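Trainee: Could you please take one part of this structure and examine it closely? I should then like to see how that part relates to the chains around it.

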Number of protein chains: 4
Amino acid sequence: HCAESVAYQSQIAGLGKVQALFTTWKPKEHCVCSALCNLVSLDKGNAVKNTASYTDSSDDETSPRDKQQKNSKGNGDFCIKNIKQADFGRREIEIAEQEMPALMALRKRAQGEKPLAGAKVVGCTHITAQTAVLMETLSALGAQCRWAACNIYSTQNEVAAALAEGGFSVFAWKGESEDDFWWCIDRCVNVEGWQPNMILDDGGDLTHWIYKKYPNMFKKIKGIVEESVTGVHRLYQLSKAGKLCVPAMNVNDSVTKQKFDNLYCCRESILDGLKRTTDVMFGGKQVVVCGYGEVGKGCCAALKAMGSIVYVTEIDPICALQACMDGFRLVKLNEVIRQVDIVITCTGNKNVVVREYLDRMKNGCIVCNMGHSNTEIDVASLRTPELTWERVRSQVDHVIWPDGKRVVLLAEGRLLNLSCSTVPTFVLSITATTQALALIELYNAPEGRYKQDVYLLPKKMDEYVASLHLPTFDAHLTELTDEQAKYLGLNKNGPFKPNYYR
Amino acid sequence: HCAESVAYQSQIAGLGKVQALFTTWKPKEHCVCSALCNLVSLDKGNAVKNTASYTDSSDDETSPRDKQQKNSKGNGDFCIKNIKQADFGRREIEIAEQEMPALMALRKRAQGEKPLAGAKVVGCTHITAQTAVLMETLSALGAQCRWAACNIYSTQNEVAAALAEGGFSVFAWKGESEDDFWWCIDRCVNVEGWQPNMILDDGGDLTHWIYKKYPNMFKKIKGIVEESVTGVHRLYQLSKAGKLCVPAMNVNDSVTKQKFDNLYCCRESILDGLKRTTDVMFGGKQVVVCGYGEVGKGCCAALKAMGSIVYVTEIDPICALQACMDGFRLVKLNEVIRQVDIVITCTGNKNVVVREYLDRMKNGCIVCNMGHSNTEIDVASLRTPELTWERVRSQVDHVIWPDGKRVVLLAEGRLLNLSCSTVPTFVLSITATTQALALIELYNAPEGRYKQDVYLLPKKMDEYVASLHLPTFDAHLTELTDEQAKYLGLNKNGPFKPNYYR
Amino acid sequence: HCAESVAYQSQIAGLGKVQALFTTWKPKEHCVCSALCNLVSLDKGNAVKNTASYTDSSDDETSPRDKQQKNSKGNGDFCIKNIKQADFGRREIEIAEQEMPALMALRKRAQGEKPLAGAKVVGCTHITAQTAVLMETLSALGAQCRWAACNIYSTQNEVAAALAEGGFSVFAWKGESEDDFWWCIDRCVNVEGWQPNMILDDGGDLTHWIYKKYPNMFKKIKGIVEESVTGVHRLYQLSKAGKLCVPAMNVNDSVTKQKFDNLYCCRESILDGLKRTTDVMFGGKQVVVCGYGEVGKGCCAALKAMGSIVYVTEIDPICALQACMDGFRLVKLNEVIRQVDIVITCTGNKNVVVREYLDRMKNGCIVCNMGHSNTEIDVASLRTPELTWERVRSQVDHVIWPDGKRVVLLAEGRLLNLSCSTVPTFVLSITATTQALALIELYNAPEGRYKQDVYLLPKKMDEYVASLHLPTFDAHLTELTDEQAKYLGLNKNGPFKPNYYR
Amino acid sequence: HCAESVAYQSQIAGLGKVQALFTTWKPKEHCVCSALCNLVSLDKGNAVKNTASYTDSSDDETSPRDKQQKNSKGNGDFCIKNIKQADFGRREIEIAEQEMPALMALRKRAQGEKPLAGAKVVGCTHITAQTAVLMETLSALGAQCRWAACNIYSTQNEVAAALAEGGFSVFAWKGESEDDFWWCIDRCVNVEGWQPNMILDDGGDLTHWIYKKYPNMFKKIKGIVEESVTGVHRLYQLSKAGKLCVPAMNVNDSVTKQKFDNLYCCRESILDGLKRTTDVMFGGKQVVVCGYGEVGKGCCAALKAMGSIVYVTEIDPICALQACMDGFRLVKLNEVIRQVDIVITCTGNKNVVVREYLDRMKNGCIVCNMGHSNTEIDVASLRTPELTWERVRSQVDHVIWPDGKRVVLLAEGRLLNLSCSTVPTFVLSITATTQALALIELYNAPEGRYKQDVYLLPKKMDEYVASLHLPTFDAHLTELTDEQAKYLGLNKNGPFKPNYYR
């Protein structure tokens with residue numbers, strides 16, 4: 001969910017090329033991006049865990065599939081690592097609750113009505129404390145939930161335990177095999193006497209599985225909510241091919257999410273990622289940022305503020321002109337490659353930094369990717385015999401030329417912000433709230449509002465997500481007077497902007 | 001052309017209410033906004049004129065309509081103040097040419113082909129040196145032009161003279177009566193043996209006149225290009241009513257124009273306007289900015305950079321959240337009104353600053369409007385007997401309360417940036433280039449591409465406008481490789497973004 | 001009072017060279033700098049005056065020296081233009097009072113004690129509304145005052161009238177001859193039965209006159225307070241030569257004054273000066289700033305914030321390193337001179353921009369001086385036959401090369417901030433307050449605290465000046481607890497920093 | 001070396017109070033500050049070490065004092081952990097060399113002359129790769145060196161090994177006992193046939209030891225160079241008491257060091273420290289920064305740039321006014337304590353954040369210290385039974401109130417920048433270069449230039465340090481012409497500013 005909209009739009013345009021990938025999909029590979037994302041946030045969890053001792057001898061090597069566990073109420077409809085970790089998981093969920101006020105507000109407002117009463121949600125996401133807050137919110141809103149992990153490594157076992165203890169049918173643990181992965185998904189949907197009517201997916205694997213194994217299930221399904229770039233691609237692909245048989249909500253491209261994930265989040269994570277990996281001093285450094293979309297804008301603003309001298313490359317003249325007006329020299333990469341101290345890619349494109357450029361960088365130049373996937377830097381071109389790789393830290397490699405020149409490559413060209421910094425809970429909160437509202441919208445939409453297509457969240461709900469996060473900042477919204485609303489031709493409660501407003 | 005998109009969108013939504021206005025339209029009142037805009041840029045011209053002496057005894061009080069003038073080639077198909085001023089006008093046009101490289105580039109590229117060959121353009125805009133550069137560009141592209149002024153005060157007489165001398169049929173002078181105004185427009189369209197096939201309008205008066213007097217003319221007209229907020233409203237209104245009989249291009253809402261007119265231009269003009277009127281020191285001042293659209297964003301960024309403490313009010317939660325993330329306290333106006341030194345409105349709304357707030361401002365508080373029209377500050381509420389008005393400078397009034405408190409009102413609540421600062425030629429260049437491209441697009445579009453509706457300029461042409469302005473900044477655009485274009489599914493020449501990308 | 005400290009320090013070092021100047025001093029030339037400063041602020045006054053009509057038929061061409069005027073109490077010990085203008089002057093003084101809260105606070109605090117009781121102050125400064133507030137404050141503190149103008153053009157006649165009406169012996173009018181100038185000064189000091197014991201000088205002319213004509217007067221004089229760079233030089237010169245016979249207070253170099261006049265004031269005035277003269281758009285412009293002292297720092301910060309790309313030149317490695325860390329490319333002028341749009345000098349040096357550089361600038365390049373005097377740009381080198389000068393506006397010349405290239409020279413190379421923008425009253429308030437405190441300090445200092453030397457204001461009084469200006473910003477200072485003061489080894493009331501702290 | 005100058009000045013003023021400390025000095029406690037500083041930079045080293053395996057079985061638990069080791073040339077005049085680690089240490093020194101170009105330049109320039117020929121330097125500092133580059137530079141300049149560690153934990157064993165292998169007499173290892181500590185120092189100075197004539201100290205322990213044990217040694221000692229705040233205090237104390245018997249150079253307060261350590265370094269480390277410990281998102285957060293000296297200025301600038309809303313508290317009206325002009329609300333702590341998300345102390349004072357304030361903070365408020373030592377936050381007041389402490393990460397404690405409110409305390413109130421972020425090598429390079437130049441200056445100064453007092457480095461040498469670091473930024477200094485130098489009264493090679501210029 002972290003690629004920039006530029007990239008995203010491009011890829012919609014070029015959907016043809018992902019077709020092949022789709023048919024040979026493998027869970028281990030598929031969502032490097034979001035997996036890393038949460039692995040990092042897991043680090044945070046781990047930090048907590050390391051000090052509090054909750055391990056016990058039963059935390060052994062037995063596969064969860066071979067264990068018989070029951071929660072304290074005697075319920076055994078789940079498959080997790082160790083139910084005894086539930087208390088520790090509960091504490092982490094409670095801490096996360098404090099940082100996700102929007103979902104908590106949603107719970108409170110929904111105490112009277114249950115907008116998800118009757119909803120049977122099957123979910124496949126990272127299973128973390130933040131997800132747990134989402135699941136328990138859905139439950140408070142009236143939904144029944146069954147859940148699997150969208151990544152074989154990203155499950156927080158103690159959170160899964162707390163969920164199972166709380167009565168959720170969770171099938172997930174850290175370190176699943178590929179077979180485990182699909183087995184867990186299957187256990188979520190293939191149940192006697194229970195059939196899902198809503199899908200919440202992150203990456204499209206759950207959707208894929210139902211398409212493949214239980215296509216009839218779609219008859220009862222009211223809609224799909226999908227978060228990831230990849231999953232959204234797959235949905236557009238299905239839609240184009242006329243095979244999408246229920247409405248789907250593209251949560252990835254909602255305004256709020258885009259602005260926060262890209263501009264604001266990257267403004268901070270570029271500094272954080274560079275510091276944690278290299279301890280570089282920003283003041284006075286010459287930096288080239290490739291791409292001036294939202295991610296590039298965030299990176300440039302942050303580095304300029306820290307005293308770096310920033311150059312920008314762009315292909316789009318409009319973004320290029322923005323870079324000029326924002327005070328950045330617009331150059332071609334070859335014009336500055338010899339002089340810069342740091343190269344950052346944010347294009348969503350491939351082969352932006354190729355071997356030719358790497359050859360001309362100066363000693364000590366740092367190269368990293370904030371854009372999309374791992375395509376922007378041609379890392380493969382560095383795997384040649386004359387170059388020596390030296391791993392100097394986690395996520396930091398020195399690539400050494402025969403003359404001794406070192407290029408500092410971060411995260412092997414994968415996304416720096418996901419590999420080497422953390423995603424603030426505040427951003428996860430926006431995403432989770434958007435997911436919850438998308439489920440509510442699809443579930444309650446009158447017949448005919450949504451067809452078998454991919455939709456963006458209605459502007460008004462986007463605005464609602466935003467409004468739920470304003471109290472965090474003690475921010476006070478102004479209300480239109482009747483007279484003003486009439487003058488503007490607006491409803492006092494919004495939407496205040498057209499759908500395309502960014 | 002200077003209102004913010006928020007305002008604009010709102011007003012499209014509330015189009016019904018402008019209906020009444022439309023039927024009682026009067027040229028003197030209609031485009032206060034754009035009129036002022038150019039009046040200010042005229043000041044610049046005037047500064048030049050004052051030093052160069054070009055007046056002669058024939059610059060008398062006789063109405064141009066009563067004069068018989070011919071240019072040096074014996075052509076008399078124009079009506080202007082004084083053809084003898086042509087040389088002075090020519091010098092001003094030449095200076096403007098230096099600052100409008102995009103139009104000059106267009107001329108050069110069009111030397112081979114004449115994309116407007118056969119076009120008969122009737123125009124109604126401010127007649128200034130910048131417009132002259134546009135008109136001569138259209139001519140170089142193959143068009144024939146007839147032109148009137150869209151405002152009774154804004155014509156630069158010596159520029160009109162230079163155009164007439166150059167063979168353009170111009171009907172305009174500074175200080176027209178209302179009758180003169182419509183007479184000039186009529187002279188442009190009501191010609192023996194010449195019928196326009198393109199309309200370039202600023203405010204909608206020309207379009208209105210043809211609708212009213214020569215509706216049959218639309219049979220030959222290929223399209224309308226309209227620049228102003230007001231004119232665009234009228235077009236949407238016609239379209240809604242099913243009365244728009246040719247395609248129209250809404251130039252006002254093109255991305256490039258919006259970003260430049262609003263964000264970047266206002267970022268500078270808020271400082272300029274406040275300094276020229278009040279000499280206020282920004283450092284340490286407390287300021288509240290009402291509205292965080294593009295205009296508000298520009299104002300806030302500039303004032304923050306100058307050391308002011310800025311508060312923001314908003315009605316839209318998404319913009320509100322952006323304000324928070326950008327480091328501004330989001331408040332209701334009444335929370336800070338007693339403590340702020342400066343109040344700036346940028347909402348596009350009406351009655352944002354009402355008497356109640358004005359009563360509570362502290363002594364010396366400065367109030368001004370950067371948003372839309374003159375509705376945001378309830379100036380009428382200050383015209384009461386107990387308050388004394390004191391004009392302390394041009395555009396600056398002290399409104400004095402019985403207890404001696406003074407509120408400093410700028411431009412009587414009209415747009416500060418248009419009244420008290422100048423519009424950079426660079427911004428006018430973007431607009432003029434966009435107009436030229438819109439004419440080319442409509443004139444050359446294959447049958448059926450545009451219907452009887454209002455259109456935005458295609459993204460690709462927007463990008464082209466931007467690209468023509470990059471050389472000003474010595475900015476070097478990167479080109480996609482074939483491989484990259486394929487990967488992104490893009491044409492190497494753009495468009496690079498979807499139409500809705502901002 | 002507006003040169004940067006770099007310049008100032010340098011000139012102290014090079015005092016020898018001003019010796020010649022000193023002996024041939026002429027009032028018309030001497031303080032171009034401060035004269036302009038106040039001439040500009042006069043414009044503001046003029047704006048007010050133009051609307052309010054106070055002229056009467058007696059405002060004729062008769063020299064004030066030939067008139068017999070008395071104020072309403074029958075006192076005639078003054079010489080001004082027209083006593084009837086007193087009411088208008090009073091209103092302007094009242095407006096200024098509102099913006100000089102520190103002096104007003106001083107008046108209030110001094111109601112009980114009169115720290116200047118017995119002081120006989122002779123002053124020679126610009127005579128403006130702000131000076132009037134200072135003079136009336138000195139009077140409220142117990143002093144008797146006699147006053148002349150330090151510049152032949154800068155007197156606000158109606159303010160002088162208000163002062164005369166209020167009982168002050170003022171000898172000044174706008175448009176004095178050189179003879180008038182010295183006559184006025186002489187009338188201030190050469191009085192029967194009254195001998196000054198304090199001098200407040202701006203430029204050193206008054207001090208010079210007493211040295212030359214009435215050296216014995218120094219026996220009773222307790223000290224000199226001098227504000228200008230020039231006057232301070234002359235004092236250091238006297239001191240070096242062993243000829244300074246009373247203590248003198250160098251007000252020009254107090255921290256507060258330096259920071260405000262240079263860093264904060266120039267941060268705003270560079271933008272203001274450029275806009276008012278050229279309407280240039282800052283976004284995307286390439287600018288080179290010569291010198292990174294306080295003035296240069298202010299200019300660079302402002303332009304960077306407005307989206308310009310800024311290069312810096314420096315001779316001092318420490319300031320150079322600061323420029324690097326603040327995000328500016330440190331270059332030699334010849335490396336960027338061909339590409340920049342704006343050149344700004346802030347060095348305090350001479351011949352920084354010489355003909356060779358001017359020859360290589362690109363068409364339309366703007367050149368201006370923010371540094372010191374009129375030496376930084378070698379304007380004389382442009383007065384050659386092959387170059388054409390064209391005055392396009394007040395303070396703006398186009399210098400045109402044979403090939404048509406135009407360089408835009410502002411204020412003929414004199415200080416842009418003084419010629420083309422205004423000095424905020426807030427800055428004048430700081431200066432006036434510092435002067436008042438310096439007088440109090442010198443007048444009340446116990447025997448022996450100050451010798452026949454030039455002193456800076458004690459840190460504690462500098463801090464006091466600052467504290468008097470905090471209420472303007474509704475700023476709340478924290479007080480040390482007894483325990484903290486003890487821990488830090490500080491007095492709870494300051495001084496909080498050593499004298500050399502900047 | 002990381003306290004702010006405010007603190008420092010205050011403490012000089014209050015020297016009396018450290019007297020007690022001085023007599024009961026203990027190595028374990030004394031330099032928490034600098035120890036941590038380097039411990040952190042050690043982490044970096046450790047990261048490298050962890051991947052490269054250099055441990056061998058001889059890296060056992062035997063005390064180095066009990067081992068007999070010789071380097072490859074048979075020299076055994078050292079005492080370190082394990083000489084076999086020399087190769088690994090050499091590699092780290094080589095990496096450090098790349099980032100310390102100023103010292104390398106010094107080596108090169110000194111190839112001809114040996115300004116330290118005959119110098120016998122005894123040093124007591126952290127023993128890290130950076131120190132090794134300094135020592136080898138001193139050696140290249142002609143000095144003989146003997147070295148001990150100034151902290152019992154901070155020695156990088158493999159670096160010590162490389163130095164010993166290179167022929168340096170090093171006495172230091174990681175994990176010394178207190179007895180070891182003094183034994184090592186004694187081994188440096190108490191040598192047959194070798195007597196130091198220069199001291200390089202960090203913390204004052206070495207100086208203290210010589211005073212106590214070998215006072216006669218001072219007869220041959222030409223001077224002391226001291227880096228730390230603490231050590232400088234001790235020297236001023238000695239000087240005041242008339243007991244300083246050689247000149248001493250206070251390296252801590254040189255301009256370059258102060259600006260880099262405080263303003264520029266803290267601008268980055270506040271963000272880094274907060275992110276690494278809490279992953280907090282800065283955008284929209286309300287922050288109060290206590291103290292607006294250099295450190296406070298750096299923190300405020302960084303947080304404002306990241307979109308935080310920053311309040312400032314100050315005791316000094318001048319700094320307070322600067323805060324206002326820089327755009328920060330100046331408040332008392334109690335005015336905002338309930339609403340802020342983050343509290344940062346930068347005062348150099350004690351008990352700035354006391355229990356009363358901690359009680360009123362909101363849930364989740366983060367509290368940290370960037371100022372001085374560990375006195376600013378009254379951490380002791382939180383050690384009460386009703387509050388629960390929970391260690392959630394290294395350096396991060398949750399202090400939990402009975403009602404569940406959590407305050408997030410970082411580094412237990414010690415310096416955040418030293419505990420939780422790293423010190424860039426660039427900053428260490430400036431310090432080391434300054435130390436080298438101070439040694440050269442003291443060693444070569446003609447008789448009488450320095451008396452038995454504490455001195456700051458002459459401005460010119462400060463400028464030289466800066467100039468040696470400019471190439472890092474590819475920065476090009478401008479040289480004065482002869483004419484300009486004459487005009488300014490300056491030497492073309494500097495110094496360019498008076499000593500007190502900051």
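Mentor: Helices (H or I, at least four residues) and strands (E, at least two) are taken as DSSP runs and numbered from the N terminus, and two strands count as paired if DSSP finds at least two bridges between them. The model is a predicted one, in which local features need pLDDT of at least 70 and side-chain atom pairs count only at pLDDT 80 or more, while totals for chains, interfaces and linings use all residues. Residues are numbered from 1 along each chain as its sequence is written, chains are lettered from A and ligands numbered from 1 in the order in which they are written, and side-chain values use heavy atoms, with hydrogens and water left out.

The part I have chosen is the sheet of chain D. Seven strands make up this open sheet, in the order β3-β2-β1-β4-β5-β6-β15 (chain D), and their pairing is parallel. Its edges are β3 (169-171) and β15 (454-456) of chain D; each has a single partner strand, so one side of each lacks a neighbour in the sheet. From one strand to the next, the twist averages 20 degrees; axes are lines fitted to C-alpha atoms, for helices over the stretch in contact, and angles run from 0 to 180 degrees between N-to-C directions.

At the β3 edge, strand β2 (residues 144-149) of chain D pairs with β3(D) in the parallel sense over three bridges. Arg146(D) has Ser169(D) in β3(D) as its bridge partner. Helix α9 (residues 178-189) of chain D packs on the sheet, where it touches β1 (120-125), β2 and β3 of chain D, and its direction makes about 170 degrees with that of β2(D); contact here means heavy atoms within 4.5 Å.

The helix α9 of chain D also takes part in a salt bridge, defined as a side-chain nitrogen of Lys or Arg within 4 Å of a carboxyl oxygen of Asp or Glu. Arg65(D) and Asp180(D) form this pair, and their closest N and O atoms are 2.7 Å apart. Arg65(D) belongs to the loop between α4 (32-51) and α5 (86-98) of chain D, whereas Asp180(D) sits in helix α9 of chain D, so the pair ties together parts 115 residues apart in sequence. Over all chains, the whole structure holds 112 salt bridges.

Chain C offers a useful parallel. Its open sheet has seven strands in the order β3-β2-β1-β4-β5-β6-β15 (chain C), again with parallel pairing. Toward the β15 side of that order, strand β5 (residues 223-226) of chain C pairs with strand β6 (residues 248-250) of chain C in the parallel sense over three bridges, and Val225(C) has Met249(C) in β6(C) as its bridge partner. Helix α7 (residues 129-140) of chain C packs on the sheet and touches β1 (120-125), β2 (144-149), β3 and β4 (198-201) of chain C, at about 160 degrees to the direction of β2(C). Helix α9 (residues 178-189) of chain C packs there too, touching β1, β2 and β3 of chain C at about 170 degrees to β2(C).

I turn now to the contacts between chains. Chain D meets chain B through 17 residues from each chain. Between them about 1,100 Å² is buried, 60% of it from carbon and sulfur atoms; buried area is the accessible area (1.4 Å probe) that two parts lose on being put together, summed over both. No salt bridge is counted between chain D and chain B. A turn of 180 degrees with a shift of 0.0 Å along the axis lays chain D on chain B with an RMSD of 0.1 Å, the copies being superposed by least squares on the C-alpha atoms of residues with pLDDT of at least 70 in both. The same surface serves both copies, since 100% of the contact residues of chain D recur in chain B.

Chain B also meets chain A, where 69 residues of chain A are in contact with 68 residues of chain B. The area buried there is about 6,400 Å², and carbon and sulfur atoms give 61% of it. On the chain A side, Ile315(A), Met325(A) and Tyr487(A) lose the most area to chain B, together 12% of what that side buries. Eight salt bridges are found across this interface. One pair joins the side chains of Lys497(A) and Asp316(B), at 2.6 Å from N to O.

As for confidence, the model scores ipTM 0.84 and pTM 0.87.
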